[in-house]
Amino acid sequence: MLPAMVEHGGAGHIPKERAELSTIGVKEAARTGYAILQGWKVSRKLRLCPYVIGRGSVLNVMGEVEMDAMVMDVQLARLVMEKLKGPLKFARSMGVPEVPEESLITDYAKMRWKKNLQPDAKPVECQMGKMGTVSAVAVDKDGNIASATSTGGMINKIEGRVGDTPCVGCGGYADNNIGAVSPTGHGEAIMKVTLSRLILFHMEQGKTPEEASDLALTYMKERVDGLCGVVVVDPKGTWAARFSSLQMSWAAAQQGELHYGLYRGEHFVEPVQENI
């Protein structure tokens, strides 16, 4: 069962013209992460692909890329805090090149930003049901758990707005004794129910990742009328990709197989290629 890698590319409504690219993206990410966990040889280009995770991010009210992120892995967090004094130095130590902010801003993001600057615009309603977060959970061959999430947040947000993503227990959680969770959805709703920790609470009570996810997603919909998606994994490698929204692009790699889907109830399987 080990290792296992599960990714999602955001929950909500994925436009038809972007659905295929979204699925391709999460499949490639899951394959790459799984290959690294297996110790396979992976090209430098693919190893560094997480750095451009901000490309296409929604923009804040000033038209800038301003992202929230979380990596919950004790050893990595301590390394960044004590040795490298910040994520930029950590990225450079890994050989990741600096990328100008303007290269992360796409025409589509600029179009949405300008549209939502109009006096009659409703940025929050415009954002609802749109995907925009990318996340991963993983368990290695030794049963070590990790969770990672990155997002641009809400479209045209005020400068400095912080959503659920960097908040432990809301936008992610990882515990070697229970499992790891990473969600996607409306940040304020996720924070109101501390979704990630709620899912792991249900798993502590003996629920499977799928059962725990469904219980928490149902509670979130009933309690705060929020739609969401999650990826979850436990120390044994049992995983789940569940969502209450219309769609969520997801992929999981385990035991030489790549699982993926986009709509609820959709589940495709193909072999994982070792040479990537």
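These legends walk through several close-up views of one predicted model.

**View 1. The whole chain at a glance.**
Before zooming in, here is the overall inventory: the chain holds nine helices and eleven strands. Out of its 276 residues, 47% count as buried. Take the contacts in the chain with a separation of 6 or more: 66% of them come from residues 24 or more positions apart.

**View 2. The seven-stranded open sheet.**
Strands of a sheet pair through backbone hydrogen bonds, either parallel or antiparallel. Here the pairing is antiparallel, and the seven strands line up in the order β2-β4-β3-β1-β9-β10-β11. Look for the edges at β2 (68-72) and β11 (268-271), each of which pairs on one side only. Going between neighbouring strands of this sheet, the average turn is 10 degrees, direction ignored. Helix α1 (residues 16-38) packs on the sheet and touches β1 (4-12), β3 (133-139), β9 (247-254), β10 (257-263) and β11. The direction of α1 makes about 25 degrees with that of β9.

**View 3. Zooming in on β2 and the loop before it.**
How many bridges join β2 to β4? Five of them do, and β2 and β4 (residues 145-151) run antiparallel. To find one pair by eye, start at D68: its bridge partner in β4 is T151. Now step back to E66, which sits in the loop between α2 (44-47) and β2. E66 is partly exposed, with a relative accessible area of 24%. Leaving out residues up to four places away in sequence, E66 touches N60, G152, K157, I158, E159, G160 and R161. G160 is a nice one to pick out: E66 and G160 are 94 residues apart in sequence, yet their C-alpha atoms are 8.0 Å apart in space.

**View 4. The four-stranded open sheet and the helices across it.**
This sheet has four strands in the order β5-β6-β7-β8, with antiparallel pairing. The edges belong to β5 and β8 (239-243); each has a single partner strand, so one side of each has no neighbour in the sheet. From one strand to the next, the twist averages 10 degrees. Between β5 and β6 there are three bridges, in the antiparallel sense, and Y173 stands opposite V181 in β6. Two helices lie across these strands. Helix α8 lies across β5, β6 and β7, running at about 140 degrees to β6. Helix α9 lies across β7 and β8, at about 20 degrees to β8.

**View 5. Where α8 meets α9.**
Two packed helices are described by the angle between their axes and the distance between the axes. For α8 (residues 195-204) and α9 (residues 209-224), the angle is about 135 degrees and the axes are 8 Å apart. The two helices are therefore oblique to each other, and their crossing is right-handed. On the α8 side, the meeting residues are L195, L198, I199, H202 and M203. Their counterparts in α9 are P209, A212, S213, L215, A216, L217, Y219 and M220. What kinds of residues make up this contact? They divide into eleven nonpolar, two polar and no charged.

**View 6. What covers α8.**
Is α8 mostly covered or mostly uncovered? Mostly covered: seven of its ten residues are buried. The buried ones are L195, S196, L198, I199, L200, H202 and M203. Their cover includes β5 (173-175), β6 (179-185), α7 (187-192), α9 and β7 (228-233). After α8 comes G206, with a positive phi near 105 degrees.

**View 7. A few unusual backbone spots.**
Most residues other than glycine have a negative phi, and most peptide bonds are trans. D225 has a positive phi, near 55 degrees, and is found in the loop between α9 and β7. D225 is exposed, with a relative accessible area of 56%. Q255 has a positive phi as well, near 50 degrees, and its place is the loop between β9 and β10. Q255 is exposed, at 55% relative accessible area. Finally, hop over to L2 and P3, which are joined by a cis peptide bond with omega about 0 degrees. P3 lies in the segment before β1.

How values were computed. Residues are numbered from 1 along each chain as its sequence is written. This is a predicted model: local features need pLDDT of at least 70, side-chain atom pairs count only at pLDDT 80 or more; totals for chains, interfaces and linings use all residues. Side-chain values use heavy atoms; hydrogens and water are left out. Axes are lines fitted to C-alpha atoms, for helices over the stretch in contact, and angles run from 0 to 180 degrees between N-to-C directions. Angles under 35 degrees count as roughly parallel, over 145 as roughly antiparallel, 65 to 115 as roughly perpendicular and the rest as oblique. A crossing is left-handed if the near helix is turned anticlockwise from the far one by less than a right angle, and right-handed if clockwise. Contact means heavy atoms within 4.5 Å. Ala, Val, Leu, Ile, Met, Phe, Trp, Tyr, Cys and Pro count as nonpolar, Asp, Glu, Lys and Arg as charged, and the others, Gly among them, as polar. Two strands pair if DSSP finds at least two bridges between them. Buried means under 20% relative accessible area, exposed over 50%, partly exposed in between (1.4 Å probe, protein chains only).
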